[in-house]
Amino acid sequence: MAELEQRESWGSRWGLILAAAGNAVGIGNLLRFPAQAAQNGGGAFMIPYVVSLLLFGLPMMWIAWTIGRFGGRFGHGSTPGMFDRMWRHPAAKYLGVIGIALPLLFCLYYTYIESWCLGYAWFSLSGDYLSTAGRAVHLRTYLDEFLGNTTTTSYFPGFNAAITFAVITVLLNVWILYRGVAKGIELLAKIAMPALFLFCLVLVVRMFTLGEGRGSIWDGLQFLWTPDFGMLSTPKVWVAAAGQIFFTLSVGFGSLECYASYLRDNDDVALSGLTTVAANEFVEVIFGSLIAIPACALFFGADQVPEIAASGSFSIGMVAMPEVLRSFPGLEFFGTIWFLLLFFAAFTSSVGVAQPVMAFFEDEAKLPRPAAAMIVGLMWILGTIPILFFYRYGALDELDFWAGTLGLVVFALIESVLFAWIFGLRRGWDELHLGALIRVPRVFRLVMKYVTPALLAVIFCWWFVDAIAQDLLVPRPRVSYAVADVASFRGHFARGPALAPAEPAPGGDARSADQYRTAVAAQVEAVEHDLFGWAEAEIAADGRLRIRSFSADPTLLQVLDAAALERWLALEGFHYEPSDAERQAPAGAASRPVRLQLEAWNRAPYIWLVRIVMLGVIFAFLIIPHAIWKRRARLRREEIGAAAGPAGAEVPS
Amino acid sequence: MSGVAIAFMLLTMGGVLALNALCIGLWLRRGKAPPAPPDSTPPAAPPGGPPAS
C-alpha cells in the first residue's frame, strides 16, 4: 500500500486530457493525414476514415484507458504489470514487455525526426535557407545534407548540426520525464497544446491572406476534398484509412495506458477517451487539411499538388512548406512558427511514448525517478546514435517498419484480445463504466469483441504481405546521384519524363534506367561495400547533362562509363530547369560545368545491425523484468516463510 | 471549389466540431456534479487470486 501511495498523479483533469491529446497529436496529423487523403480518394477518403475510427480507433482508445486505470489501481504504469493483473498466466507479463520495448524503439527514431523540426525552426529563425546572391539553397539537397543522406557538402560540412539538435531533443525529453507526470508531462501539455492550437490558427490565417501565387488556396482544398468514390472499391484505400486512424490516435504504444494508470479508481475513462479522440481529430481534420496542401497549391500551382502529395509527409513538411514560406515576407516568423508547431506536436508525443519505459523502471524495478530518467536517457542517447549515423542506409525506415508499424499493430491486437477475450468483455465493460461520465453504446461490446481484433489482424497481414510483395524485407543497395556544386545554380536539377537518349549502336548499350540501377546495385552486393563515382558534365541547351568524364571505383567502371551514365540520366529525365533570370540571359545556363556524384550504399550490414539491435532491446526487456520479478517472488516467499514461523511452513509458489 | 468538395469539407469539419462541442458540453455538465470522493480504500485483490509469478 505504501508503494501505491507514492505513485504520482495528475494535477488536474484538463491537464490529463491535454497530455493525452498531446500524445495523440503528432507530426502525422499535419503532414501524413493530408498526404494520405489526397492520395486515397480525397473527400471520399473520409468514409473509410470515419468507419475505421468507429470500428477500431475509438474502441482501442477506450480499451487502452480502461486497461491503464485498472493496472494503475495495483501500482502498475506499464503493460507488463497491467497484463499480469488481467491474465493470471506466466506469459502475460512477458507479452506486456512488448509494450515497453516498442515505445523505446519508436522513441529512438521519432526523436530524431522531432529534432529535424527543432533544427529547421532554428534555421528559419536565422534565415539559413534563404537563397542569397552567392548561395542558392535547394531545399531537397539542404535536407539531405543536414541528415547526412548524401556526401555532398554544399550547405552542411557533415551532419554535426543534426547530431547537435538530436542530442538537445533527447535531453529535453529526458528532462521532462525526470520532472515527473504533473510537473513535467502535464506542465508541458498545458504550455505546448495551447501553443500548438495558436500556431495552427496563425498559419491558417496567414495562408488565407497570402493572395494568389501560381494557384490558390481553394485549388488545394478542391484537390483535397473532391471525392473520388471510385477509389472506395480499392482495398488499399481502406487499409490506408485504417492505418491513418491507427497512427494518429497513438494506440498500441502503451502510453495512453500509462497516462490512465495515474488516475484514481472512480475517475472517468469513457469521456476522457472520447475527448482525446475529439481533440486529435480537431487538429488532424481541420488544421491538417487547411495548412500544408492548400499552401503548396497556392505556391506551386494546382497541377503540381498531386506530385507533392505523393512525395510523402517529410517532403511536404521539410521541403515544400519551407519553399512556400521563404517565398513570402516573414520567413523568420512564420517559418519558425511552422517548425515549432511540428516540434511541439512531436515533443508531446515522444514524452508520452517514453513514459511507459520510465514507469516500468519506477513501478517494477522500484527505482527513484532520477535513476529511472538516467537509465532511460542513456538508452535513448545510445540507441539514437546508430539511427543518426546509419540514416543514409535506411536505419530509420527499418525501425519504423518493424517497431513503429508492424510491432504496434501486433501489440494492439494482443491488447484487444486480452481485453475482450481473456480479461472478459463483461468485466472490461464494467471497468470502462466505473465512474464513467457517459454510457458507451452497447453496440461497441460487439465491436470490441469481434470487429476490432479482426480488423487489426487484417491490417497486420496486409502490411506484412505488402512488404514481402515489394521485396522490402531483403535490404538492397540504395543508388542515387547528386549535384555536388548545386549551391552555385539558381535553377533546379530535377527528374521528369524520360529524355530521348542517343540511340545505342547495334549491339551497344541498350539498358533501361532500372537495369542501370540494378547493375550498380549488383556491383555493391558483389564487393559488399559502398561505391562512389564522380562525373564532370555540362548542361546542354535542352537542360540535359552531357558527361565529359567519369571516374569511379574500378568495380563500378565495369558496368558504367561516361556514355552509359549520360544515357541513364537521360532515361530518368534528369535535367536542369533554369531560373527566370537565366532564361532571359542570352547564354542562359547552357554549357555550364556541373560536378555529379554517384553514390551506391551497401545497406545490408546496417539493416541487419538494426534488426539485431531491435531483437537485443526486446531480449533485454525480457531478461531485466524476468530478473526483477524472480527477485520479488523470492522476497515474497521469504516474507511469507518468516511470517509462518521458524519451523518453515510450506511456501506457496 | 466544386459544390461536392465544399459539401464534403463542411460535413467532415462540422462533424469534428460537433464532436468537440459535445465533449466540452459533457464535461461542463458533469463538472457541476460533486466530485467523486478520494479513493481511500485499499486496492481490491487481483481478480481470481494472486498474480502468477
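Me: Is Arg73(A) buried or exposed in this predicted model?
Reply: Arg73(A) belongs to helix H5 of chain A, residues 46–73. Its relative accessibility is 13%. Buried means under 20%, so Arg73(A) counts as buried.

Me: Which side chain makes a polar contact with the side chain of Arg73(A)?
Reply: A polar contact needs N or O atoms within 3.5 Å. The side chain of Arg73(A) has such a contact at 2.3 Å. The partner is Glu431(A).

Me: What distance separates the C-alpha atoms of Arg73(A) and Arg264(A)?
Reply: Along the chain, these two residues are 191 residues apart. In space, their C-alpha atoms are separated by 7.5 Å.

Me: Where does the largest nonpolar core lie with respect to domain 1 and domain 2 of chain A?
Reply: This core has 241 residues. Helix H19 of chain A, residues 331–364, gives the largest share, 20 residues. Domain 1 (2–474) and domain 2 (478–602) both contribute residues, so the core lies between them.

Me: Which residues of chain B does Trp225(A) touch?
Reply: Trp225(A) is among the residues with the most contacts inside the largest nonpolar core. In chain A, its contacts include Gly42(A), Met46(A) and Val285(A). In chain B, Trp225(A) touches Ala5(B), Phe8(B), Met9(B), Thr12(B) and Met13(B).

Me: Are the planes of Phe123(A) and Phe165(A) stacked or edge-to-face?
Reply: The ring centres are 5.8 Å apart, and the planes meet at 85°. Planes over 60 degrees apart count as edge-to-face. The pair is therefore edge-to-face.

Me: How many residues apart in sequence are the parts that Phe123(A) and Phe165(A) tie together?
Reply: Phe123(A) is buried at 6% relative accessible area, and Phe165(A) is buried at 11%. Phe123(A) lies in helix H8 and Phe165(A) in helix H10, so the pair ties together parts that are 42 residues apart.

Me: Are the rings of Phe493(A) and Phe574(A) stacked or edge-to-face?
Reply: Phe493(A) is in strand S2 of chain A, and Phe574(A) is in the loop between helix H26 and strand S5. Both are buried. Their ring centres are 6.0 Å apart and their planes are at 15°, so the pair is stacked.

Me: Which ring does the charged end of Arg592(A) sit over?
Reply: A charge over a ring must be within 6 Å of the ring centre. The charged end of Arg592(A) is 4.1 Å from such a centre. The ring belongs to Phe489(A).

Terms used. Residues are numbered from 1 along each chain as its sequence is written. Chains are lettered from A and ligands numbered from 1 in the order in which they are written. This is a predicted model: local features need pLDDT of at least 70, side-chain atom pairs count only at pLDDT 80 or more; totals for chains, interfaces and linings use all residues. Side-chain values use heavy atoms; hydrogens and water are left out. A nonpolar core is a set of buried Ala, Val, Leu, Ile, Met, Phe, Trp, Tyr and Cys residues joined through side-chain atoms within 4.5 Å. Buried means under 20% relative accessible area, exposed over 50%, partly exposed in between (1.4 Å probe, protein chains only). Helices (H or I, at least four residues) and strands (E, at least two) are DSSP runs, numbered from the N terminus. Domain bounds come from an automatic or database domain assignment. Contact means heavy atoms within 4.5 Å. A polar contact is a pair of N or O atoms within 3.5 Å; within protein, one must be able to donate a hydrogen and the other to accept it, and residues adjacent in sequence count only if both atoms are side-chain atoms. Rings of Phe, Tyr and Trp (its six-membered ring) pair if their centres lie within 6.5 Å; planes under 30 degrees apart count as stacked, over 60 as edge-to-face and the rest as tilted. A charge sits over a ring if NZ of Lys or CZ of Arg is within 6 Å of the ring centre and within 35 degrees of the ring normal. Lists of a residue's contacts leave out its neighbours within four places in sequence.
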